Amino acid sequence: MFAALGAALSLPPLTAALLFAPPSWPAGLRVLGFVCAFAVVTAAMGAPQSARRVSVWLANGLLGAGLPAPVETTGPRWVNRLRTAVWLVPHMVLGGVVTAVSCLAVFGAVAFPSVWLGGEERMTVFGLSLWIGEGWRGTWALLPAMGCLALAAGVTLGGAVLLRRLAAVLLGHRPGERLAAAEERMNLLAQRNRLAQELHDSIGHTLTASTIQAAVAVELMDSDPAGARRALNSIEETSRAAMDDLDHVLGMLREERPSAVPRPTLADLGPLVERVRGAGAELAVQVHGDLALVPATVSREAYRVVQEGLTNALRHGGKAGIRLRTTMRDGWLELELTNPVAMRGPARQRAGGQGVQGIGDRVRLLRGTTHAGVVEGGCGGCRGGDCGDGCGSGVGGRDPGERRWRLLVRIPLRSVS
């Protein structure tokens, strides 16, 4: 197929070349006119950008070249156009040669047995008269027939191998294109990772809260219908918020205009807290400082950190004793979230989970720090004393030896400046 295509592509430049090399011209002018016309038409065929894309597609499909798709770069475009035109020359020449030799070989493979089976004793090939013979004496005609088939196969295979190597040189990526392709791949992976992180934080929180609220609704269905109705209404509201988040996340990765739904920030911490409390969780919140002064980028990522932390607390720590503290001081935003863990504790599992890993990735991009693990007694910051956050030893009747899961995140407010 590639040979026939190359032979077909050679028709336009050959026709033009013959027209510009009339027999009335001297031999030197005829050769010059032929070469110039052939070169001009070939360059015109390789000039469109689509010519290279089609050439790469055909080389991959017909030759198995495995070439990467062309990538637009900021460099001069004439280089790739010239390379495409140069590629067309061997494609046309080899295509024509392979097509001609293969056709003649197949004709010979058919002619020798046909003459023998037809009872003819002689056949003429290129002016040479060959004696075939009759009956069993003419069976030798099968040998040149098989040789012709082998010649056709060898020429076709050799042309394909040669063109495949030339395609890698003339149609493959240049250094600038390889760099652009690598950057495009990195951007794509970054977008996919961001999508996975956004979906994990948003949808994961919604599913966890909805599951807990659904269990509450089932328990209260007979004893407290009004409470069950409130739980179901909370599921509806949470699901709608999740749909908005999902629309935003998908809109980020579309080529068209992203979704107009704004991403939540720390200003939306109140509704998030109420949804968690609506799931039956005991959540105490303390805010030190004006969260409205937190830069927008930090505020958005901090909201996701809190959301994921609360999701992990509900999923692994139960509903009781969850405490959240947000503090702004000395140019830093500090988020601390603690909740009780069982004596056997799933802390080791959660420390390497996707949730904590996603939190670490977010905070690291903002040049912050993340600490997550089990602490003995209090919040881990008071060392058994009263740190003023309502978590200290003896405060609220809490046991100083209680094992608590603690997530501490510190983000510099100047990281977005």
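This is a short walk through one protein chain, from its overall make-up to single residues. The model is predicted.

Start with the whole chain. It has twelve helices and seven strands. There are 417 residues, and 40% of them count as buried. The chain exposes about 22600 Å² of surface. Carbon and sulfur atoms supply 63% of that area. Now consider the contacts with a separation of 6 or more. Residues 24 or more positions apart account for 75% of these contacts.

Next, go to helix H3, which covers residues 27-46. Phe34 and Phe38 both lie here. They are four residues apart, about one turn of the helix. The structure holds one aromatic pair. The ring centres of Phe34 and Phe38 are 6.4 Å apart and their planes meet at 15°, so the pair is stacked. Planes under 30 degrees apart count as stacked. How does the cover of these two residues compare with the cut-offs? Phe34 is partly exposed, with 29% relative accessibility. Phe38 has a relative accessible area of 15%, so this residue is buried. The cut-off for buried is under 20%.

Move on to helix H6, residues 142-170. Leu142 belongs to this helix. Its relative accessible area is 36%, which makes Leu142 partly exposed. Leu142 also helps to form a nonpolar surface patch. The other members are Trp140, Leu143 and Met146. The patch measures about 390 Å².

Now turn to the strands. Strand S4 spans residues 322-329 and includes Thr326. Is Thr326 buried or exposed? Thr326 is buried, because its relative accessibility is 0%. What does Thr326 touch, apart from neighbours within four places in sequence? The contacts are Leu269, Gln286, Val287, His288, Leu291, Glu334 and Leu335.

Strand S5 covers residues 332-340. The loop between S4 and S5 holds Asp330. Asp330 is not a glycine, yet its phi is positive, at about 55°. Most residues other than glycine have a negative phi. Asp330 counts as exposed because its relative accessibility is 73%. The cut-off for exposed is over 50%.

A second residue has a positive phi. Arg367 has a value of about 65°, and this residue is not a glycine either. Where is Arg367? Arg367 sits in the loop between helix H12 (354-365) and S6. With 55% relative accessibility, Arg367 counts as exposed.

Strand S7 comes next, at residues 403-412. Why is S7 described as largely enclosed by the rest of the structure? Nine of its ten residues are buried, so the strand is largely enclosed. S7 pairs with S5 in the antiparallel sense, over nine bridges. In this pairing, Trp332 stands opposite Pro412 of S7. S7 is also joined to strand S6, residues 369-376. Eight bridges link S6 and S7, and these strands run antiparallel. Here Val375 has Arg404 of S7 as its bridge partner. In a regular strand, side chains alternate between the two faces of the sheet.

Look back over the strands once more. S7 pairs with S5 and is joined to S6. Thr326 of S4 is in contact with Glu334 and Leu335, among others.

Definitions and conventions: Residues are numbered from 1 along each chain as its sequence is written. This is a predicted model: local features need pLDDT of at least 70, side-chain atom pairs count only at pLDDT 80 or more; totals for chains, interfaces and linings use all residues. Side-chain values use heavy atoms; hydrogens and water are left out. Patches are made of residues with over 30% relative accessible area and no salt bridge: like charges are joined within 9 Å, nonpolar side chains (Val, Leu, Ile, Met, Phe, Trp, Tyr) within 5 Å. Accessible areas come from the Shrake-Rupley method with a 1.4 Å probe; for residues, only the protein chains shown count as cover. A salt bridge is a side-chain nitrogen of Lys or Arg within 4 Å of a carboxyl oxygen of Asp or Glu. Helices (H or I, at least four residues) and strands (E, at least two) are DSSP runs, numbered from the N terminus. Buried means under 20% relative accessible area, exposed over 50%, partly exposed in between (1.4 Å probe, protein chains only). Contact means heavy atoms within 4.5 Å. Two strands pair if DSSP finds at least two bridges between them. Rings of Phe, Tyr and Trp (its six-membered ring) pair if their centres lie within 6.5 Å; planes under 30 degrees apart count as stacked, over 60 as edge-to-face and the rest as tilted.
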